[in-house]
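Please walk me through this structure. Begin with its salt bridges, then turn to the contact between the chains, a helix in the interior and some backbone details.

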Amino acid sequence: MGVEGIGASVVRKEDKRFITGKGRYVDDVKLTGMTFAQFVRSPHAHAKVKGIDSSAAMKMPGVIAVLTGQQIVDDKIGNLICGWAITSKDGSPMKMGAWPAMAPETVRFVGQAVAVVIAETKNQARDAAEAVVVNYEELPAVPDIRAAIKPGAPQLHPEAPGNIIFDWTLGDEAAVNAAFAKAANVVTFELANNRLVPNAMEPRSAIADYNDAEEHFTLYTTSQNPHVARLVLSAFYNVAPEHKLRVIAPDVGGGFGSKIYIYPEEMVCLWASRKVGRPIKWTADRSESFLTDMHGRDHISKAEMAFDKDNKILGLRVKTHSNFGAYMSLFSSAVPTYLYATLLSGQYNIPAIFAEVITVYTNTTPVDAYRGAGRPEASYLIERVMETAARQLKVDPTELRKKNFITQFPHQTPVIMAYDAGDFHASLDAAKKAIDYEGFAARKAKAKSEGKLRGIGVSCYIEACGIAPSKAVGSLGAGVGLWESAEIRVNPVGTIEVLTGSHSHGQSHETTFAQLVSERLGVPISQVQIVHGDTDKVQFGMGTYGSRSLAVGGTAIVKAMEKVEAKAKKIAAHLLEASEGDIVIENGEFKVTGTDKSLALPMVALAAYTAHNLPEGMEPGLKETAFYDPTNFTFPAGAYICELEVDPPTGKTTFVNFVAADDFGRLINPMIVEGQVHGGLAQGIGQALLEGAVYDENGQLVTASFMDYTMPRADDLPSFKLSHTTTLCPGNPLGVKGCGEAGAIGASAAVINAITDAIGNNKLEMPATPDRVWHVINGKAA
Amino acid sequence: MSTVKLTVNGRAVSADVEDRTLLVHLLRDNLNLTGTHVGCDTSQCGACTVHVDGRAVKSCTMLAAQAAGSSVTTIEGIAKGDELHPMQAAFRDNHGLQCGFCTPGMIMASIDIVHRHGGKLDEETVRHELEGNICRCTGYHNIVKAVLDAAGRMKVAQAAE
């Protein structure tokens, strides 16, 4: 490891612009002649659009146009798509209803757009939007899963009778039934996974600019994946041809999944910029974000686990209802299926698993991947069941887990995933030591004597990320491949540019990717520029989500570096009159091993570009591309233990300690990794204690601002004690597993396990607000 | 419409704005100081925090007209040329930012926290004082470290002056 290479906690290159207020987020961008868009949105959860009267709005100052959903249909613009085909257990395809960008006939969730006003200033657009008169015929709304599946419930989409999108299964039902038949003990548990609003701090924004002379579109968008946006906008939405569309995702203020999707707003702005002949900017208010950013989670599950007389797991049976909201979003179908059910083995040796997942339309905001995407739901379920089992079987929760840990790798689970490497005992032991697990009983007794209820909760998580092997996901219904690309340009004077298909919206790639190059080619990171986020610069990429950028994007960089190194060595050998096999790289110099003959990389690069003396037949230049397709998912895993106190008169929870022992394989920059874990833990704890999107019986989102939806704040969270164990990932040359989502995946169960331990009552749903905890303590329904 | 005259980052400026214009929009739209961000519409998130006459204020909760005659400092105005403010340096050194969107407001609020507490700060106080600034990326762990680190540096700088 060099001072700036793999394993070094170097300070970030990108920080300068952020700490001085010179970041360039989409809303910061100003184009000449720019106009502003304000959407007219439905206040009803379910209604027919009988008519739109824009006459008054058109007369208002600065108004250029009022455009409606029917005009989008007339211009043959496509509907939004879901890119992953899931088949029901009866063999029928998923029942997908049409999702037009602006509703021409029927609105199906509060906030769905029906029209857009384009005006000279944002205030003028806003004022005029209020003057657009929409005639709605209200329909009965279905606000949640239970209402949606009730016989006789109002139907959202003609394609989906009973509001059921698909009824999908995974695993061996017969084997599970046999396991339960011979079980000594069965543990049954019902639980919900609460709906969350991602709430990245930067609201979504888009600027669309159509150049009529060149018939070329430019779109600035808050996207985690600009190339995917370009592909979808051209091939599926039919707004612009792919080769005439440039998509730029500049600095983006957080995504967490919510900025993967190609939303109605950027599609409409792009389409409208051509109609109106002016650039158009749209930026969401926070209330718009609450209503229109894709939400996360929202499962109701029943789980049953069968044990033998030695408390070894024989089988697991899970039935889950998953709320998709009013429309199927881009990845939605994959989240509660191939990103959820495939993780139901957890860290445990479970011989037989069977899962059924029923997905449902409701008159709510659509739901899709949000940090963890399916894996938090799986991990929460398994770890709550294991805790429940430990209490029912009267064994220590860590001992029950250890008894069932997988210890041989690779391990083929009954639910598709084959875990490549891991050491679950190591992480749990590390976490137990860090929190002084053995001393807890005494601490609990002392707290009790002071009138506080103290609890300890364990969560042993595993997840599948480094998304994903293209062939595998293709065979499971994905419409795209999930490889990544990297182009390495060594400039004539030896500086390096890395063009990556990954996108950093907080993940620190400008630093960590430069560290990879520094390690391999011996170049200081100040000489390495990471380029991302512009489809004019980077040829193609699948973007950043699913903790894939290091495992997949980083490996693409390694593969490209291999090619650069090979060519550079050939040139160096030629110039130094040595054999290629004798050239090594040392401190950025190409050296003939065993001699002091060397050439610095800049000299090799100069030789490549002047081409005065290259090996016979070699092309000039030093620039290589690699596309890397992973061969497996990666499997970060670890143990989180949470110790907390509940104050009985108020139900309030206070953290005493929160320890994390994660195995992410090799760490490129430990400081960055810890930051990712902190952030993930905050979101997992947020889900457990504070957050929850609530709809009333009319489908109105009651929690639609930061006043009503409780975001974790600094005084809600403790400082964390992190540690790492390491089993290298055998699947990629870096040995990395990814770390971006782990905290959000594993934290919630640790918190709820701890609170239920503290209060001595296992029946507690998330968020465990003081109000809810108080009611459970006092034996009342909350 | 009215003409609002104020001082921003040491420069006298003048802007013609609608009466309903918020201070944050005068800064972002009229003065092109886009380092101050809008993250919410209910004054909760703190991304818009600036200093008005030396005190931290959420610039989304002030009309531009209310700032007439005041001296406003934004994130763009706290470094001395190339020399970063100790709080900026501390955020960088402690990895107190990831996407950077909450960061300007976080830094401006934190400077004010240090000033108001005369450099006497502990973790609990910092966490409580940061209640008005929401971050979705960092989980606050490193932000707290940065503020405590900066408090020490700012005290030293004060002593040295």
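Which residues are linked in a network of salt bridges? They are A:Arg41, A:Arg204, A:Glu265, A:Glu266, A:Glu288 and A:Asp293. Two arginines, A:Arg41 and A:Arg204, take part. The acidic members are A:Glu265, A:Glu266, A:Glu288 and A:Asp293. Keep in mind that this is a predicted model. It scores ipTM 0.98 and pTM 0.97. Chain B averages a pLDDT of 96, and 98% of its residues score at least 70.

Over all chains, the structure holds 56 salt bridges. One of them joins the side chains of A:Lys432 and A:Glu399, with N to O at 3.9 Å. This pair links distant parts of the chain. A:Lys432 sits in helix α12 of chain A, A:Glu399 in helix α11 of chain A, and 33 residues separate them. How accessible are the two partners? A:Lys432 has 11% relative accessibility, so it counts as buried. A:Glu399 has a relative accessible area of 44%, so it is partly exposed.

A second pair spans a longer stretch of sequence in chain A. A:Glu487 forms a salt bridge with A:Lys623, and the closest N and O atoms are 3.6 Å apart. A:Glu487 lies in strand β19 (residues 484-490) of chain A, and A:Lys623 lies in strand β25 (residues 623-628) of chain A. The pair therefore ties together parts that are 136 residues apart in sequence. A:Glu487 counts as buried, at 12% relative accessibility. A:Lys623 counts as partly exposed, at 46%.Chain B offers a pair as well. B:Asp93 forms a salt bridge with B:Arg92, with the closest N and O atoms 3.0 Å apart. B:Asp93 is partly exposed, with a relative accessible area of 30%. B:Arg92 is also partly exposed, with a value of 27%.

Now turn to the contact between the chains. How many residues does the contact take from chain A and from chain B? Chain A gives 54 residues and chain B gives 45. The area buried between chain A and chain B is about 4100 Å². Carbon and sulfur atoms give 54% of that area. In chain A, the residues that lose the most area to chain B are A:Ile19, A:Met201 and A:Ala714. Together they account for 18% of what that side buries.

Charged and polar pairs cross this contact too. Four salt bridges are counted between chain A and chain B. In one salt bridge, the side chain of B:Arg20 meets that of A:Asp127, with N to O at 2.6 Å. Between chain A and chain B there are 29 residue pairs in polar contact. Which elements give two or more residues to the side of chain A that touches chain B? They are α1 (15-19), α4 (122-131), α9 (286-292) and α18 (670-689) of chain A. α18(A) gives the most, with eight residues. By class, this side of chain A has 24 nonpolar, 17 polar and 13 charged residues.

Next, go back to α11 of chain A. Why is α11(A) described as largely enclosed by the rest of the structure? Six of its eight residues are buried, so the rest of the structure largely encloses it. The buried residues are A:Pro397, A:Thr398, A:Leu400, A:Arg401, A:Lys402 and A:Asn404. Their cover includes the strands β13 (299-307), β14 (313-325) and β18 of chain A. It also includes the helices α10, α12 (424-435) and α19 (742-759) of chain A. As noted above, A:Glu399 of α11 pairs with A:Lys432 of α12.

The loop after this helix brings in the backbone. A:Pro410 lies in the loop between α11 (397-404) and β16 (411-412) of chain A. The peptide bond from A:Phe409 to A:Pro410 is cis, with omega near 0 degrees. Another cis peptide bond runs from A:Ile467 to A:Ala468, with omega near -15 degrees. A:Ala468 lies in the loop between β18 (453-462) and α14 (470-475) of chain A.

Two residues other than glycine have a positive phi. A:Ala373 has a phi near 40 degrees. Its place is in the loop between β15 (352-361) and α10 (375-393) of chain A. A:Asn587 has a phi of about 50 degrees. It is found in the loop between β22 (583-586) and β23 (589-592) of chain A. Is A:Ala373 buried or exposed? At 5% relative accessibility, A:Ala373 counts as buried. A:Asn587, at 73% relative accessibility, counts as exposed.

Key:
Residues numbered from 1 in each chain as written. Chains lettered and ligands numbered in written order. Predicted model: local features only at pLDDT ≥ 70, side-chain atom pairs only at ≥ 80, totals over all residues. Heavy atoms only, no water. pLDDT = per-residue confidence, 0-100. Helix = DSSP H or I, 4+ residues; strand = E, 2+ residues; numbered from the N terminus. Buried < 20%, exposed > 50% of the residue type's maximum accessible area, 1.4 Å probe, protein only. Contact = heavy atoms within 4.5 Å. Buried area = accessible area lost by both parts, 1.4 Å probe. Polar contact = N/O pair within 3.5 Å; in protein donor to acceptor, adjacent residues only side chain to side chain. Nonpolar A, V, L, I, M, F, W, Y, C, P; charged D, E, K, R; others polar.
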